[in-house]
Protein chains: 2
Amino acid sequence: MPQLLARKYEQFIGLADDDRAALQHLADSPARTARARTDIIREGEQPRGAMLILDGWASLYKTLEDGRRQMLAMLLPGDLCELNASMLREMDHSLGTITALTYVELPAPVMEALAIDHPRIASALTWDLLVAAAIQREWTLNLGQRSALERIAHLICEMFVRLNAVGLTQAGGFDCPLTQTDLAEATGMTPVHVNRTLQDLRARRLIEWRGRSVVILRWQDLCSAAMFSPNYLHIERSEDHPGVGGQQSMERST
Amino acid sequence: MPQLLARKYEQFIGLADDDRAALQHLADSPARTARARTDIIREGEQPRGAMLILDGWASLYKTLEDGRRQMLAMLLPGDLCELNASMLREMDHSLGTITALTYVELPAPVMEALAIDHPRIASALTWDLLVAAAIQREWTLNLGQRSALERIAHLICEMFVRLNAVGLTQAGGFDCPLTQTDLAEATGMTPVHVNRTLQDLRARRLIEWRGRSVVILRWQDLCSAAMFSPNYLHIERSEDHPGVGGQQSMERST
DNA sequence: CGAACCTTTGAACGGTGTCAATTCTGGTGG
DNA sequence: CCACCAGAATTGACACCGTTCAAAGGTTCG
């Protein structure tokens, strides 16, 4: 948990000691907690500050009047969202927890001061925004063009790479609190079909998924089944990727 | 075409004369042109500056290796894209024209200087980025949860409101250069099904669409068929919306 | 050890996709 | 001014992916 943000941003830009200290200072702000499956802010409400996830998983989502619900983004530890959102009059989406969550709310003035005092952090924040937008575009592609199997596989690939970037993977797998209903909301499918698709992925020996434990058995094959290429995550300096399954690399194939 | 940007940004923030002049100066930069159906920049290439659309329509899109293609955003006159994109090593999506296009390329240093000299413009640019992200989220919802009819109807509603904001609507309709194949790429459907869905919308007397002319017959009913609410476009000061179909209002109905 | 939630299964349905023609339209050259 | 052409729109028949609805197992945790 310590240095989550600094670690992430150093993938993009070198930080000085005082930059790291400033980022650590953010994470040391009085943390808030929320229980699993609760909303932190809802569509229609007035935006508060940016939200920095310290521990646990959350999601952005929207709902239609008749109850249909679509997840828009998965928020993992180290993720920042709603940056600058307070410029808008009201929220156009909701932020809800998946697990119990520890986070900090960072009011706009705090972020402004931070950006002024630390130009490299300002750059890193812009980079963070760009990457979030890129992920949103990839999700658009996911929903619009990929088949059920490809969508689920793609989501697994993305979660793995993102968790890996903050040190939350272990030996070719990760701890995943998502239910099949969550996966359904993220991929625009029904829970029933998610279940069948996961069975398919397991039958192909691409992954194992028991309880909260996801294990990726064949990274390259999973990537190609998903048509996953990590380019949109814009991770520039990938020196210390552990590699999945021992010898396989996480480099783009093609 | 003159004052396109200023007009749009004044929906969000008041501008001073010198702000307007600076925006006009941008649009006066040596304009580039591109023919219809050509790419301006492709995935994998190195980002250049921001792109400001002066005239014509374009789109952002991504493709999968096997040729499946998904439109990510519709770019209309007055739209700005790829702001800050040059911070990233390579493009993760492509920008292609739909019609013949007039645009300007704005190198990062130009935009930086502009933001430093004109704080209100800097705010407006951030607002622009936030709205673009909100639209991307709405497209995610569109693809993930809405039916074919809802998707097409929603896209038409969005295009109308956005064109209206830059004065490109006429009497409850607008000039639309999109082919049914374009609509298919935007909505994640096949061209054949787009065709049938448009017939459905026409049979319900919600729209007319002949050639390039789109006429919205019953705005409120189209909105509710689409579950469209313009809140995500974050148009704050909507004093001079002409209203569609004479007496109908564009306010949200809930 | 029960209750709540999650996962899994089966069968039938239906929205969209696929494929292949055919008709229409706008722009072009003779 | 008209014949022509390429692209766009339209149509029909059929297949299939994913949904729907309902019920049965599993798991977790108080």
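Visitor: What makes α7 of chain A and α7 of chain B part of the surface near DNA strand D?

Guide: In this predicted model, α7 (191-203) of chain A and α7 (191-203) of chain B each supply at least two residues of that surface. A residue counts as near a strand if one of its heavy atoms lies within 4 Å of it, so each of these helices has residues that pass that test.

Visitor: Which helix gives the most to the surface near DNA strand D?

Guide: That is α7(B), with 5 residues. Around DNA strand D there are 15 residues, and A:Thr190, B:Gln180, B:Asn195, B:Arg196 and B:Gln199 come nearest. Of the atoms of DNA strand D that come within 4 Å of the protein, 64% belong to sugar and phosphate.

Visitor: Why is the pair between B:Gln180 and DNA strand D called a polar contact?

Guide: An N or O atom in the side chain of B:Gln180 is 2.7 Å from a phosphate oxygen of DNA strand D. The cut-off is 3.5 Å between N or O atoms, so this pair qualifies as a polar contact. The side chain of B:Arg202 also has an N or O atom 3.3 Å from a phosphate oxygen of DNA strand D, and that value too is within 3.5 Å.

Visitor: How do you know that A:Arg196 makes a polar contact with a base of DNA strand D?

Guide: The DNA atom in this pair is a base oxygen, and an N or O atom in the side chain of A:Arg196 is 3.4 Å from it. Set against the limit of 3.5 Å, 3.4 Å is within it, so the pair counts.

Visitor: Let's turn to the other strand. What lies around DNA strand C?

Guide: There are 15 residues around DNA strand C, and A:Gln180, A:Asn195, A:Arg196, A:Gln199 and B:Thr190 come nearest. Sugar and phosphate make up 64% of the atoms of DNA strand C within 4 Å of the protein. Here α7(A) gives the most to the surface, with 5 residues.

Visitor: What makes A:Asn195, A:Gln199 and B:Ala148 polar-contact partners of DNA strand C?

Guide: Each has a polar atom paired with a phosphate oxygen of DNA strand C: a side-chain atom of A:Asn195 at 2.7 Å, a side-chain atom of A:Gln199 at 2.6 Å, and a backbone atom of B:Ala148 at 3.2 Å. These distances are within 3.5 Å, so the three pairs count as polar contacts.

Visitor: How do the residues of the surface near DNA strand C divide, and what counts as charged there?

Guide: They divide into 4 nonpolar, 8 polar and 3 charged. Asp, Glu, Lys and Arg count as charged, so A:Arg196, among the nearest residues, belongs to that class.

Technical notes
Residues are numbered from 1 along each chain as its sequence is written. Chains are lettered from A and ligands numbered from 1 in the order in which they are written. This is a predicted model: local features need pLDDT of at least 70, side-chain atom pairs count only at pLDDT 80 or more; totals for chains, interfaces and linings use all residues. Side-chain values use heavy atoms; hydrogens and water are left out. A polar contact is a pair of N or O atoms within 3.5 Å; within protein, one must be able to donate a hydrogen and the other to accept it, and residues adjacent in sequence count only if both atoms are side-chain atoms.
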